[in-house]
2 protein chains.
Amino acid sequence: MTIADTNSWRGIQAELLRRINEREWLPGSLVPSEADLAIEFGCARATVNRAMREMADAGLLDRKRKAGTRVALHPTSRVVLDIPIIRLEVEQRGAEWRYSLIESSAEPASLALTSRLGLPRDSEMLHVRSLHYADNRPFLHEDRWINLDLLPHVRSVDFSAISANEWLIQNAPYTAGDISFSAMGADAGLADLLDAPEGAALFVIDRITWDKDRPVTAVRLSYAPGYRMNTKI
Amino acid sequence: MTIADTNSWRGIQAELLRRINEREWLPGSLVPSEADLAIEFGCARATVNRAMREMADAGLLDRKRKAGTRVALHPTSRVVLDIPIIRLEVEQRGAEWRYSLIESSAEPASLALTSRLGLPRDSEMLHVRSLHYADNRPFLHEDRWINLDLLPHVRSVDFSAISANEWLIQNAPYTAGDISFSAMGADAGLADLLDAPEGAALFVIDRITWDKDRPVTAVRLSYAPGYRMNTKI
DNA sequence: TTGATTTATATGTCTGCACATTATAGTCTG
DNA sequence: CAGACTATAATGTGCAGACATATAAATCAA
């Protein structure tokens, strides 16, 4: 019965984590109720609740009213990724960020894209392609389509002065987004741009953002070979 | 002054989100204090706190004592990935999971690995390589090293009957982990195993888990071409 | 002017209480 | 015995108040 030093919610959480990690409470087993734990730790029930709620959010505990709280059977580790502005990502690596616009023009989007976005076929969208550099070496290729219907004044933005990535974050709010990560071989054009051999394995992020069911932008970020996205559990 | 219908913390959170999304509160601007908002919404300060704390955790708000709360300037979108047991991941796709052990043997680990794990050089570790299938097609290659020092009884586990992935999740608790995602070209061996052309771009997850500073296992998961990891913001 | 100290303020957390919500388990009834 | 109803037990949420803590801003001293 090792009572945590402090009866703060962090102390209680640490103690609960210890009991789970050290198999004092086995996966799938029922743990004492909030009220009982509050008595044991000599604190208010709300404090125990605070500690346990976070653990439930993290997937370590399964909680149901009346049924009680159980240690999760399959603790799916939950990973949190922070996706920053590209400029900041480069600068955080201690490299100098540079950006160059390749193309910016209104074009009819492909059927694959419009259908995925729920737009009328042959909708005109702004197609912006650009390259981000870290210390003068290609870092990633940004291939973006912007919904002109939702953001008509984007036509007049000079994307050689500010990256589309940054302009959108500051000017186009979104309420939801779909992201997918994958690996792709570099085609001839990308290989040339990224200064990589053709067929090189590239880390790719595809992202579509929405503002209440209306698509804002669809982007594909293709990173130069060697890129790693790191995080902790 | 649209007061949210309910003065539950969710209602308040929704209203705050609306004000941010609709640019009523601009990025970087100071928002009213908890006390003021509590008065405005006619609720307790704790309720406002609950709503705002979650938004701060999500990176939408920056909060500092005395300085107050500001709308985040660079709303780094925070993505949450659930990394399930491989078997469950395959089954969730509606495919049949199958598993085959390639190799399981105690070997001295490479210097690169031992130094990364903080183990003595030439430490013996259990090297387990296996292949996971979805509907009889190669899904991913699991290349794992297990710390025999920490888990000596793992020598006697039959990894042809249970996957190392699953056994470890159920038997080896960990307190921290480092994960990195990248893209790699398939070498001859992997290409053969995954039934892919040599050089094909593979999505790769490297993960090291720790139990209080002691390494538990290091694993590289190489997914067959075409794999995408999806999530939402 | 500059550096140290104090003060005021916003957030962070805890308490004790109350009621709401949900789902289990038991009971009653036809 | 089956199905409907009811009591109960756990979590979910809210409130008012209190104190803790960090820190920006103001004040004071050299």
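Copies are superposed here by least squares on the C-alpha atoms of residues with pLDDT of at least 70 in both. The model is predicted, and local features need pLDDT of at least 70, side-chain atom pairs count only at pLDDT 80 or more, and totals for chains, interfaces and linings use all residues. Residues are numbered from 1 along each chain as its sequence is written, chains are lettered from A in the order in which they are written, and side-chain values use heavy atoms, with hydrogens and water left out.

Two copies of a chain are related by a rotation about an axis and a shift along it. In this model, a turn of 180° with a shift of 0.0 Å along the axis lays chain B on chain A with an RMSD of 0.2 Å. The two copies are therefore related as by a two-fold rotation axis. The same surface serves both copies, since 100% of the contact residues of chain B recur in chain A.

At the interface, 50 residues of chain B are in contact with 51 residues of chain A, contact being defined as heavy atoms within 4.5 Å. The area buried between the chains is about 4200 Å², and carbon and sulfur atoms give 49% of this area; buried area is the accessible area (1.4 Å probe) that two parts lose on being put together, summed over both. Six salt bridges are counted between chain B and chain A, each requiring a side-chain nitrogen of Lys or Arg within 4 Å of a carboxyl oxygen of Asp or Glu. In one such pair, the side chains of Glu22(B) and Lys212(A) meet at 4.0 Å, N to O. In addition, 14 residue pairs, both members at pLDDT 80 or more, are in polar contact across the interface (a pair of N or O atoms within 3.5 Å; within protein, one must be able to donate a hydrogen and the other to accept it, and residues adjacent in sequence count only if both atoms are side-chain atoms).

The elements of chain B that each supply at least two residues of the side touching chain A are helices H3 (45-57) and H6 (164-171) and strands S4 (77-83), S8 (176-185), S9 (201-211) and S11 (228-232); helices (H or I, at least four residues) and strands (E, at least two) are DSSP runs, numbered from the N terminus. S8(B) gives the largest share of this side, 10 residues. The residues of this side of chain B divide into 23 nonpolar, 14 polar and 13 charged, where Ala, Val, Leu, Ile, Met, Phe, Trp, Tyr, Cys and Pro count as nonpolar, Asp, Glu, Lys and Arg as charged, and the others, Gly among them, as polar.

Strand pairing also links the chains. Strand S4 (residues 77-83) of chain A pairs with S4(B) in the antiparallel sense over seven bridges, two strands being paired if DSSP finds at least two bridges between them. Val80(A) has Val80(B) as its bridge partner in S4(B).

Within chain B, three strands form an open antiparallel sheet in the order S1-S3-S2. Strands S1 (30-31) and S2 (61-64) of chain B stand at the edges, each with a single partner strand, so one side of each is left without a neighbour in the sheet. S2(B) is joined to strand S3 (residues 68-71) of chain B by four bridges, and Lys64(B) has Gly68(B) as its bridge partner in S3(B).
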